[in-house]
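Here is a note on the model under review, set out as numbered points. Please read each one with the structure open.

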Amino acid sequence: PHVLLEADNGRFVQIIHALRAELAFRQGFTSEAIKWAREYAFEPLKQSIRFFVPQLSQVKILLAAGGASDREQAHDMINRMQQFFAAKHNVHCLIEVLALKAICLDGKGESEAAIEALTTALKLAHPSRQLEPFLSLGDQMATLLKDVARQGRFKGYVSEILASIE
């Protein structure tokens with residue numbers, strides 16, 4: 001990473017900063033992560049590098065920041081990413097976007113729409129039994145997953161995800 005920082009390769013430097021923010025967020029250093037998320041330039045959206053998309057980290061962090069303007073910004077970003085990754089047929093990223101959309105909608109009190117977004121994410125993730133897009137979203141995701149399971153959808157798969165979260 002130091003070589004890339006010293007070479008001043010703009011795109012890779014942004015990715016390094018995004019990875020640092022993601023790590024800080026996961027380690028509980030939220031103020032550092034929130035500062036990055038509020039300053040990071042969302043555009044342009046690009047295909048991911050090895051499945052890491054800085055904008056997905058940015059949305060996670062903004063949703064966790066909890067401010068009304070942060071949540072609105074995250075909601076707008078989610079909608080734009082959903083269109084982008086659907087158009088690119090990038091199912092892996094689309095799953096994570098839909099999982100984040102479920103969290104966002106649930107936070108806005110739109111529980112039916114949240115369950116619908118999560119169900120779509122699960123439909124896409126189920127064939128390959130992906131866990132990670134759901135694991136990093138913690139307790140709020142666990143609650144939504146339990147709601148989906150209570151409706152009798154994806155019971156075995158959801159149980160697998162919940163066991164990994166716990």
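1. The model is a predicted one, and a natural place to begin is with its aromatic rings, where the structure holds 1 aromatic pair. The rings of Phe84 and Phe85 have centres 5.1 Å apart and planes at 80 degrees to each other, so this pair is edge-to-face; the cut-off that matters here is that planes over 60 degrees apart are given that name. Phe85 is buried at 0% relative accessibility, and Phe84, with a relative accessible area of 19%, is buried as well, although the value for Phe84 should be read with the limit of under 20% in mind.

2. As for the overall fold, the protein contains 10 helices and 0 strands, and the pattern read along the sequence is accordingly α-α-α-α-α-α-α-α-α-α. Of the 166 residues in the protein, 42% are buried. Among the contacts with a separation of 6 or more, 60% are made by residues 24 or more positions apart. The accessible surface comes to about 8800 Å², and carbon and sulfur atoms account for 53% of that surface.

3. Which residues touch the most other members of the largest nonpolar core? They are Leu118, Leu122 and Phe134, in a core of 51 residues. The elements that give two or more residues to this core are helices H2 (10-26), H3 (30-39), H4 (54-65), H5 (68-87), H6 (91-107), H7 (111-125), H9 (138-150) and H10 (155-165). H6 gives the most, with 11 residues.

4. Phe134 deserves a separate look, since the contacts of this residue can be followed one by one in the viewer. Once neighbours within four places in sequence are set aside, Phe134 is in contact with Ile95, Ala99, Leu118, Ala121, Leu122, Ala125, Met141, Tyr157, Ile161 and Ile165. Two of the partners in that list, Leu118 and Leu122, are themselves named with Phe134 as the residues that touch the most other members of the core.

5. Helix H3 can be examined by its two sides. Which residues of H3 are buried? They are Ala33, Ile34, Trp36 and Ala37, and, seen down the axis of H3, they fall within an arc of 160 degrees, so they line one face of the helix. The face turned away from this buried side carries the exposed residues Ser31, Lys35 and Glu39. As background, an α-helix has 3.6 residues a turn, so residues three or four places apart point the same way.

6. On the cysteines, a search of the whole structure finds 0 disulfides; for the reader's reference, a disulfide is a covalent bond between the sulfur atoms of two cysteines. Cys93 is buried, at 0% relative accessibility, and Cys104 also counts as buried, at 3%.

7. Two backbone positions merit a check, given that most residues other than glycine have a negative phi. Arg129, in the loop between H7 and helix H8 (132-135), has a phi near 50 degrees, which is a positive value in a residue other than glycine. Phe154, in the loop between H9 and H10, likewise has a positive phi near 50 degrees. Arg129 is partly exposed at 35% relative accessibility, and Phe154 is partly exposed with a relative accessible area of 22%.

8. Arg129 comes up again from the side of helix H10, where Glu160 is placed. Not counting residues up to four places away in sequence, Glu160 touches Arg129 and Leu131. Glu160 and Leu131 are 29 residues apart in sequence, and their C-alpha atoms are 8.2 Å apart in space. Glu160 itself is partly exposed, with a relative accessible area of 30%.

9. A last point returns to the loop between H9 and H10, which holds Gln151 as well as Phe154. Gln151 counts as partly exposed, at 46% relative accessibility. How far apart are the C-alpha atoms of Gln151 and Ile115, which are 36 residues apart along the chain? The separation between those two atoms is 10.0 Å.

Conventions
Residues numbered from 1 in each chain as written. Predicted model: local features only at pLDDT ≥ 70, side-chain atom pairs only at ≥ 80, totals over all residues. Heavy atoms only, no water. Core = buried A, V, L, I, M, F, W, Y, C linked by side-chain atoms within 4.5 Å. Buried < 20%, exposed > 50% of the residue type's maximum accessible area, 1.4 Å probe, protein only. Helix = DSSP H or I, 4+ residues; strand = E, 2+ residues; numbered from the N terminus. Contact = heavy atoms within 4.5 Å. Arc of directions from axis to C-beta. Phe/Tyr/Trp six-rings, centres within 6.5 Å; stacked < 30°, edge-to-face > 60°. Disulfide = S-S within 2.5 Å. Areas by Shrake-Rupley, 256 points an atom, 1.4 Å probe, with all protein chains shown as cover.
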